[in-house]
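Notebook open, viewer loaded. I want to go through confidence, one strand and the pockets.

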Amino acid sequence: MKPDLSRRRMLLGLMAGASAPFLAGCDRMTQNAEFGAVLRNTEKLTMGAQRLLLGAHALAPEYSVADLSPVFRANGTQEPDSDEYARLREHGFTDWRLQVDGLVQQPLSLTLADLKRLPSRTQITRHDCVEGWSAIGQWQGVALGRILDLARLKPGARYVVFHCADELEATLDGSGRYYESIDLLDAYHPQTILAYAMNGKDLPVAHGAPLRLRVERQLGYKHAKYLMRIEVVSAFDKLWGGRGGYWEDRGYEWYAGI
Ligand SMILES: Nc1nc2c(c(=O)[nH]1)N[C@H]1C(S)=C(S)[C@@H](COP(=O)(O)O)O[C@H]1N2
Ligand SMILES: [Mo]
């Protein structure tokens, strides 16, 4: 990336050169029609590449405190129905750990305090549920990319799987457990955070305490609540229904772009 950017700056400098005295020596070169055409084409190529990249990293709109929804509906599981979760909740989630494993060089086991010590991002965004409702909320948390950097990805890493505490459908084999997955592009998106606070307070149980995913350019069901474990994988086709998520296994799209 760096060489491209400095090359671009150099080219822009050259193109502005006609009026810059210290570049006067270049005038003859830039006036040469052929050389000018090469410069213009390179510029177009560089801009095209940048636009492509920017497109992939486009930010979801952010709002102001005045836009916050007075009521933010809770959807899906409102409280995981397990003794383990009840115990964690009773102890204020001090015993809770976020496991980070799979294709990483350094598996992690992080407390809520560990996560809160890392630099955080706060964003006010609109949540869009596929069922046809939206709400604007403020989320604070740590960039998922930062956690992945701490764990150091192994070659072959392509997707991040989120394993949740709740079973949305009671099953004997565990296939009713909520899970989700995103690719590394979304995982490293600047607005993709592991949120521990909502509207300025600790994340309420109904909204995924103690930690949930915010992946702002996708629909609500991608935003896994009640995170327990993050697993880095090369493919998710062997996991549960093989479609990369609880709702995906039941027919929803894996890429739920808004
Ligand atoms: N673990 C878990 N995560 C989940 C769900 C769920 O049932 N369990 N529901 C999803 C759906 S469909 C939506 S719209 C949002 C709802 O988030 P909210 O309860 O904070 O509104 O969480 C998503 N993440
Ligand atoms: Mo949803």
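Before counting strand partners, I note the rule: two strands pair if DSSP finds at least two bridges between them. I also keep in mind that this is a predicted model.

Entry 1, pairing. I looked up the partners of strand β4 (residues 133-143). β4 and strand β7 (residues 193-198) run antiparallel and are joined by 5 bridges. In that pair, I found alanine 143 opposite isoleucine 193 of β7. Strand β3 (residues 121-129) also pairs with β4 in the antiparallel sense, over 9 bridges. There, isoleucine 124 has glutamine 138 of β4 as its bridge partner. The β3 and β4 hairpin has 3 residues between the strands, and glycine 132 takes a positive phi near 100°.

Entry 2, burial. How many residues of β4 are buried? I get 8 of the 11, so β4 is largely enclosed by the rest of the structure.

Entry 3, confidence. The chain averages a pLDDT of 87, with 78% of the residues at 70 or above. Among the elements, helix α1 (residues 2-16) has the lowest mean, 38, and strand β9 (residues 212-214) the highest, 99. Residues 1-30 sit below 50, and that stretch has 23 contacts in the model beyond near neighbours in sequence.

Entry 4, pockets. The largest pocket has a volume of about 350 Å³. I checked its 24 lining residues, and Asn75, Gly76, Tyr178, Gly220 and Tyr221 are the closest to its centre. The lining splits into 12 nonpolar, 7 polar and 5 charged. The second largest pocket holds about 150 Å³. Its lining includes Tyr63, Arg126, Asp128 and Glu216, and the split is 6 nonpolar, 1 polar and 4 charged.

Conventions: Residues are numbered from 1 along each chain as its sequence is written. Chains are lettered from A and ligands numbered from 1 in the order in which they are written. This is a predicted model: local features need pLDDT of at least 70, side-chain atom pairs count only at pLDDT 80 or more; totals for chains, interfaces and linings use all residues. Side-chain values use heavy atoms; hydrogens and water are left out. Buried means under 20% relative accessible area, exposed over 50%, partly exposed in between (1.4 Å probe, protein chains only). Helices (H or I, at least four residues) and strands (E, at least two) are DSSP runs, numbered from the N terminus. pLDDT is the predictor's confidence in each residue, from 0 to 100. Contact means heavy atoms within 4.5 Å. On a 1 Å grid over the protein atoms alone, a cavity is a set of points where a 1.4 Å probe fits but cannot get out, and a pocket is an open set with protein on both sides within 12 Å along at least five of seven lines; lining residues have an atom within 4 Å of a point. Grid points are joined across faces, edges and corners, and a volume is the space filled by probe spheres set on the points. Ala, Val, Leu, Ile, Met, Phe, Trp, Tyr, Cys and Pro count as nonpolar, Asp, Glu, Lys and Arg as charged, and the others, Gly among them, as polar.
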